[in-house]
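Colleague: I am new to this structure and would like a close look at one part of it. Could you walk me through that part and then place it in the whole chain?

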Amino acid sequence: MKKTAFIFPGQGSQFVGMGKDFYNNFSVAKKVYDKADSVLGRKISSVCFESTEDELRKTINTQPAIVTTSIAILETLKQYGIKADYTAGHSLGEYCAMYNAGVMNLEDTLISIQKRAELMNTVNCGSMTAVLNASEEQLKMGLAEGRKVGYLDIANYNSPTQVVITGDNEAVKAAGDYMLANGVKRVVPLAVSGAFHSKYVKNAGEEFKEFIKNIKLNNAQIPVITNVDAETTTMAEDFRDKMPRQIYSSVHWTQTIQRMASDGVDTFVEIGPGKVLTNLNKRIAPNAFAYSINNTESLQSTINALKTQMSEELYQNCK
């Protein structure tokens, strides 16, 4: 039997109005938003449904808003009896994956992501830039050029054709300028407040390490492939070790999808706003089935497609 993975998006997938159709049409989704409003002590539902793009883009709002929306959609999907064999999330999306795997309950997931957002929101130095369709040699030379100017690292391995670099403003710019001058067609500065997934957020990671000492973590009920190493993780104490490091370490998304594919996953269901991961995964695992659930229409079409797919697979196995 082939396997299915639920995957969850990170920062950058948000949009005003996300999740409102689930809130209006499914009581399980409404309960998630109501719980978030209560636990976080503010109307995160209003942030999702009624705020401006600028307000929603602020890290302190983005992270709890995306996590709340993704979990609300997940709880809706669960009603249809569709389950995952594996799970993973991109950066903050990893908290939805841990929730999906039973590592944390809803309240602790929300509290943890709110604390993470508060700590990361204090970072206001450095910058990040996406580099598209660079060869390994072009990227290597660009990084070398940038490091002549200052600190530079890779924040995200998003797909074989997309990485995100992070570090000092001057170093990031120098690397981007060098690559543009040497054949790379697209280098896109990102609208973020600072250099996430870099040494500039290491202090935030260390503070978060102290915070999660008081958070109850369980062993995972299904494997979570973690960002920091693209490895299967199931033990509670391994999550406790990796959660702080994830803040300042590279996101190994390409390697995460490749790992699941090598373990037999042939169906990826992105749960949450947007479909960023679905588009990335088409480049990482082009032969896999890819679905995205971000509104009630895509929920129904995905359920229908998955049920058809499962029926065909059962038929083939019985022949």
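Is Val-201 buried or exposed, and what is its relative accessible area?

Modeller: Happy to help. First, a word on the source: this is a predicted model, in which local features need pLDDT of at least 70 and side-chain atom pairs count only at pLDDT 80 or more, while totals for chains, interfaces and linings use all residues. Residues are numbered from 1 along each chain as its sequence is written, and side-chain values use heavy atoms, with hydrogens and water left out.

Val-201 is buried, with a relative accessible area of 0%. Here, buried means under 20% relative accessible area, exposed means over 50%, and partly exposed lies in between, using a 1.4 Å probe and protein chains only. You will find Val-201 in the loop between β6 (186-189) and α10 (202-211); helices (H or I, at least four residues) and strands (E, at least two) are DSSP runs, numbered from the N terminus. Leaving out residues up to four places away in sequence, Val-201 touches Val-123, Ala-195, Phe-196, Ile-247 and Tyr-248, where contact means heavy atoms within 4.5 Å. Ala-97 lies 104 residues from Val-201 in sequence, and their C-alpha atoms are 22 Å apart in space.

The loop between β6 and α10 also holds His-197. His-197 counts as buried, at 4% relative accessibility, and its phi is positive, about 55°, although it is not a glycine. Most residues other than glycine have a negative phi. Ser-91 is another non-glycine residue with a positive phi, near 55°. Ser-91 sits in the loop between β2 (86-89) and α6 (93-100), and it is buried too, with a relative accessible area of 10%.

Now look at helix α11 (residues 236-248), where Asp-238 is found. Asp-238 counts as partly exposed because its relative accessibility is 38%. From Asp-238 to His-90 the C-alpha separation is 18 Å, with their positions 148 residues apart along the chain.

Next comes Met-243. Leaving aside neighbours within four places in sequence, Met-243 is in contact with Tyr-95, Met-98, Met-104, Phe-208, Ile-212 and Leu-217. In the largest nonpolar core, which has 67 residues, Phe-6 and Met-243 touch the most other members. A nonpolar core is a set of buried Ala, Val, Leu, Ile, Met, Phe, Trp, Tyr and Cys residues joined through side-chain atoms within 4.5 Å. Helix α5 (residues 59-78) gives the most to this core, with eight residues. A second, separate core has 15 residues, including Ala-5, Val-251, Met-260 and Val-265. In soluble globular proteins, nonpolar side chains tend to be buried together.

Stepping back to the whole, the protein chain has 14 helices and ten strands. Buried residues make up 56% of its 319 residues. Its C-alpha atoms fill a box of roughly 60 × 50 × 40 Å, taken along the principal axes. Among contacts between residues at least 6 apart in sequence, 73% join residues at least 24 apart. Finally, the protein chain has 34 positive and 34 negative side chains, and the centres of the two sets lie 2 Å apart. For that count, Lys and Arg are positive and Asp and Glu negative, with His and the chain ends not counted; each charge is placed at NZ of Lys, CZ of Arg, CG of Asp or CD of Glu.
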